[in-house]
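Biologist: Please take a close look at one part of this predicted model, the largest pocket, and work outward from there to the elements around it. What lines the largest pocket, and which elements supply its residues?

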Amino acid sequence: MKRIVNYEITPSENGMTIAYFLRQQGYTRKSISTLKKQEGAFSINGNCVSAGTCLKEGTTLIVTIFETATSENIEAENLPLKILYEDEDILVVDKPAGMAIHPSINHHYGTLANSVMGYYNRQGIKYVFRCLNRLDRDTSGVVILAKHMLAGAIMSKAVKNGLFHKEYMAVVSGCVKGMGIINAPIGRVEGSIIERQIDLIKGKDAITHYETIKSGDKYSLLKIVLETGRTHQIRVHMKHIGHPLPGDFLYNPDFRDISRQALHCYKIGFEHPITKEQMEFVSELPEDMKRLMAD
């Protein structure tokens with residue numbers, strides 16, 4: 001995979017070294033170090049230059065990213081893939097419930113990674129799987145993927161700094177009205193690898209904001225925004241306030257009306273890693289969650 005990015009140098013950037021300039025654009029030190037090792041990664045007016053070269057206003061810096069690696073341990077499979085958006089830098093997909101993100105001991109095949117690898121394999125494109133937001137197997141919704149090293153580095157940094165705005169939709173048990181904030185630390189259940197619980201002593205801070213979209217006697221539909229990103233945060237917090245998600249095999253194994261946890265990553269907003277344009281993607285509420293609220 002090859003990606004060429006052009007930067008028009010402004011008066012305020014005159015005299016900056018390329019390395020310093022790229023740091024201002026969101027490049028990580030690691031990504032710059034990787035580019036330094038690639039012949040022809042930086043050029044100005046057709047001449048190859050080093051990362052220590054000083055920039056001049058009115059010139060164009062060209063950064064060329066060469067990638068020949070691929071995720072060799074992920075099998076390419078011809079699986080359905082619902083693409084919401086794709087350009088040279090990012091891929092946005094709508095993940096269905098029941099599909100894991102990565103292969104694991106229990107899920108070697110049938111994952112989103114297998115599907116994406118198959119999508120690019122059919123095009124003859126080598127691809128390294130870089131997922132920016134991970135969803136549980138049974139959580140549906142928007143997933144953002146980077147298509148090359150640079151986009152991955154910039155967007156990973158944005159995720160770490162809390163610059164991805166994510167909104168979830170959850171159907172919860174019982175009647176919930178209005179809005180609220182849940183502030184309760186979450187920790188691992190002793191003896192379990194995956195299960196979490198409210199832990200006032202050893203737990204890590206966890207804050208969840210929710211707003212009721214539709215309420216009923218049996219179920220309520222909530223919009224949820226996370227201030228922190230703890231494992232199973234929504235599921236644990238909603239159980240904590242007495243409104244667990246139906247179909248949640250860990251925290252509320254009630255499968256009478258739905259076969260999986262009623263949780264959906266509805267919307268993600270972020271700054272594009274290269275163009276800096278504000279992007280926003282929405283995934284419609286799945287049919288199984290709609291049915292819960294239709295009853």
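Modeller: A good place to begin is H232, which lies in the loop between β14 and α5. In this predicted model, H232 has a phi near 60 degrees, a positive value in a residue other than glycine. That deserves a second look, because most residues other than glycine have a negative phi. H232 counts as buried because its relative accessibility is 11%, and the cut-off for buried is under 20%. H232 is also one of the residues that lie nearest the centre of the largest pocket, together with R134, L135, D136 and T231.

The pocket itself holds about 1500 Å³ of space, and its lining is made up of 42 residues. By character, these residues divide into 16 nonpolar, 16 polar and 10 charged. The elements that each supply at least two residues of the lining are β7 (130-131), α4 (149-160), β9 (165-173), β14 (219-226) and α5 (233-240). The loop that holds H232 therefore runs between two of these contributors, since H232 lies between β14 and α5 and both β14 and α5 are on the list of suppliers.

Among the contributing elements, α4 gives the most to the lining, with 4 residues. The geometry of α4 is that of a regular helix span, in that its 12 residues should cover 16 Å at 1.5 Å a residue, and its end C-alpha atoms are indeed 16 Å apart. Within α4, the buried residues are M149, L150, A151, G152, A153, I154, M155 and A158. These buried residues pack against α2 (29-36), β4 (60-66), β6 (90-95), β7, β8 and β15, and of these partners β7 is itself one of the elements that supply the lining of the pocket. Just after α4, G162 takes a positive phi of about 70 degrees.

Strand β8, one of the partners of α4, spans residues 140-146 and includes V142. V142 is buried, because its relative accessible area is 0%. Leaving aside neighbours within four places in sequence, V142 is in contact with L84, V92, V93, D94, N133, L135, C265, Y266, I268, F281, V282 and S283. One of these contacts, L135, is among the residues that lie nearest the centre of the pocket. Another, D94, is 48 residues from V142 in sequence, yet their C-alpha atoms are 4.8 Å apart in space.

The loop between β7 and β8 contains T139, which is buried, with a relative accessible area of 2%. Beyond its neighbours within four places in sequence, T139 is in contact with K95, P96, R260, Q261, L263, H264 and C265, and C265 is also in the contact list of V142. In the other direction, the C-alpha atoms of T139 and S50, 89 residues apart along the chain, are separated by 45 Å.

A second helix is connected to the strands that line the pocket. In α6 (residues 287-294), D288, M289, L292 and M293 are buried. Seen down the axis of α6, these buried residues fall within an arc of 140 degrees, so they line one face of the helix. They pack against β9, β13 (207-215), β14 and β15 (263-271), and both β9 and β14 supply residues to the lining of the pocket. Strand β15 is also packed against by the buried residues of α4.

For comparison with H232, N45 also has a positive phi in a residue other than glycine, near 55 degrees. N45 lies in the loop between β2 (42-44) and β3 (47-48). Whereas H232 counts as buried at 11% relative accessibility, N45 is exposed, with a relative accessible area of 59%.

As for the setting of these parts, the secondary structure of the chain comes to 6 helices and 16 strands, and its C-alpha atoms fill a box of roughly 70 × 40 × 40 Å along the principal axes. Of the 295 residues of the chain, 52% count as buried. Among contacts with a separation of 6 or more, 65% are between residues 24 or more positions apart.

Key. Residues numbered from 1 in each chain as written. Predicted model: local features only at pLDDT ≥ 70, side-chain atom pairs only at ≥ 80, totals over all residues. Heavy atoms only, no water. 1 Å grid on protein atoms, 1.4 Å probe; cavity = no way out; pocket = protein on both sides within 12 Å on 5 of 7 lines; lining within 4 Å. Points joined across faces, edges and corners; volume = space filled by probe spheres on them. Nonpolar A, V, L, I, M, F, W, Y, C, P; charged D, E, K, R; others polar. Buried < 20%, exposed > 50% of the residue type's maximum accessible area, 1.4 Å probe, protein only. Contact = heavy atoms within 4.5 Å. Arc of directions from axis to C-beta. Expected span 1.5 Å × (residues − 1).
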